[in-house]
Amino acid sequence: MPENPWLQIPTLTGERALLRGYQDQDLDALMEIVTDPDVNRLTGSVHSTAGAASATADREQLQQWYSTRAEQSGRLDLMIVDRDGPGGPDSPCVGEVVLNQWDEENESCNIRILIGPAGRDRGLGSESMRLMVDHAFTHLPLHRIALGVFTFNPRAQRVYEKAGFVVEGRERDALRFDAGWVDQVMMSLLRPEWQAAR
């Protein structure tokens, strides 16, 4: 077993969602997810509606990226699987939840999540956030988990608040999109807050 807890890839099981490491069967689903217009717009990956609609991905680069995530110290990338999907727990992923940007000295990291069209509107995002946060504060040397959410994604902000994240500020005009600017809400969850909520 590796000494570094970041290199231990868990399988986390909830009522609806299962989180696990990347498998080659996920590649087709990931191609669809990373080129989905809503995913690209809501994550700030593009700067226009037209760009969101025409987003592309290189299959070989995507496979190379995901197949090497388990080897990266200081981050944890888990695929989100819908346990009620056509293949049950063996279904391809419908999204991902990631801990990254680990700051060892300050015991903090960032969290991000994305859900493709096949995984929306069933509570998978809320449960996946809870599973990952519980794992992070139980098994990783973390005191603080932070994230940013653009103000044109209030649904995601509600998911994060439900998971215990607290608004701590706002980055004004953080994203240029179409003819305007979008603020980013900064949120965080501290280990003592997570412990108190349990």
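This briefing covers two helix packings, three buried residues and two residues with positive phi. The structure is a predicted model. Helix α1 packs against α4 at an angle of about 110°, and α5 packs against α6 at about 40°. Among the residues described, Glu96, Gly21 and Met187 are buried, whereas Asp121 is exposed and Asp173 is partly exposed.

**Helix α1 and its surroundings**

- Helix α1 spans residues 27-34 and is mostly covered, with 6 of its 8 residues buried.
- The buried residues of α1 are Leu27, Ala29, Leu30, Met31, Ile33 and Val34.
- The elements that cover these buried residues include two helices, α2 (37-42) and α4 (59-67), together with the strands β3 (76-82), β4 and β5 (108-115).
- The axes of α1 and α4 lie 10 Å apart and form an angle of about 110°.
- Because angles of 65 to 115 degrees count as roughly perpendicular, α1 is roughly perpendicular to α4.
- The crossing of α1 past α4 is right-handed.
- On the α1 side, the contact with α4 is made by Leu27, Asp28, Leu30, Met31 and Val34; on the α4 side, by Arg59, Leu62, Gln63 and Tyr66.
- Sorted by class, this contact of α1 with α4 holds 6 nonpolar, 1 polar and 2 charged residues.

**Helices α5 and α6**

- Helix α5 covers residues 124-139 and helix α6 covers residues 154-162; their axes are 9 Å apart, at an angle of about 40°.
- The two helices, α5 and α6, are therefore oblique to each other.
- The crossing of α5 past α6 is right-handed.
- Gly125, Ser126 and Met129 are the α5 residues that meet α6, where their counterparts are Val159, Tyr160 and Lys162.
- By class, the residues in the contact of α5 with α6 are 3 nonpolar, 2 polar and 1 charged.

**Glu96 in strand β4**

- Glu96 belongs to strand β4, which runs over residues 95-103.
- With a relative accessible area of 2%, Glu96 is buried, because the cut-off for buried is under 20%.
- The side chain of Glu96 makes a polar contact of 2.8 Å with the side chain of Arg112.
- Another polar contact, of 3.2 Å, links the side chain of Glu96 to that of Tyr66.
- Tyr66 also takes part in the packing of α4 against α1.
- Beyond its neighbours within four places in sequence, Glu96 contacts Tyr66, Asp77, Leu78, Met79, Ile80, Arg112, Ile113 and Leu114.

**Gly21 in the loop before α1**

- Gly21 sits in the loop between β2 (17-20) and α1 (27-34).
- The relative accessibility of Gly21 is 17%, so the residue counts as buried.
- Outside the residues up to four places away in sequence, Gly21 touches Ile9, Pro10, Asp26, Asp77, Leu78 and Met79.
- Asp77, Leu78 and Met79 are also among the contacts of Glu96.
- Gly21 and Arg158 are 137 residues apart along the chain, and their C-alpha atoms are separated by 26 Å.

**Met187 in strand β8**

- Met187 is part of strand β8, residues 180-190.
- The relative accessible area of Met187 is 0%, and the residue is therefore buried.
- Not counting residues up to four places away in sequence, Met187 touches Ile145, Ala146, Leu147, Val149, Gln157, Tyr160, Glu161, Phe165, Val166, Val167 and Glu168.
- One of these contacts, Tyr160, is also one of the α6 residues that meet α5.
- Met187 and Pro37 are 150 residues apart in sequence, with a C-alpha to C-alpha distance of 25 Å.

**Positive phi outside glycine**

- Asp121 has a phi near 70°, a positive value in a residue other than glycine.
- The location of Asp121 is the loop between β5 and α5.
- Asp121 counts as exposed at 61% relative accessibility, because the cut-off for exposed is over 50%.
- Asp173, also a residue other than glycine, has a positive phi near 50°.
- Asp173 lies within strand β7, residues 166-177.
- The relative accessible area of Asp173 is 45%, so this residue is partly exposed.

Methods:
Residues numbered from 1 in each chain as written. Predicted model: local features only at pLDDT ≥ 70, side-chain atom pairs only at ≥ 80, totals over all residues. Heavy atoms only, no water. Helix = DSSP H or I, 4+ residues; strand = E, 2+ residues; numbered from the N terminus. Buried < 20%, exposed > 50% of the residue type's maximum accessible area, 1.4 Å probe, protein only. Polar contact = N/O pair within 3.5 Å; in protein donor to acceptor, adjacent residues only side chain to side chain. Contact = heavy atoms within 4.5 Å. Axes fitted to C-alpha atoms, helices over the stretch in contact; angles between N-to-C directions. Parallel < 35°, antiparallel > 145°, perpendicular 65-115°, else oblique. Left-handed = near helix turned anticlockwise from the far one by under 90°. Nonpolar A, V, L, I, M, F, W, Y, C, P; charged D, E, K, R; others polar.
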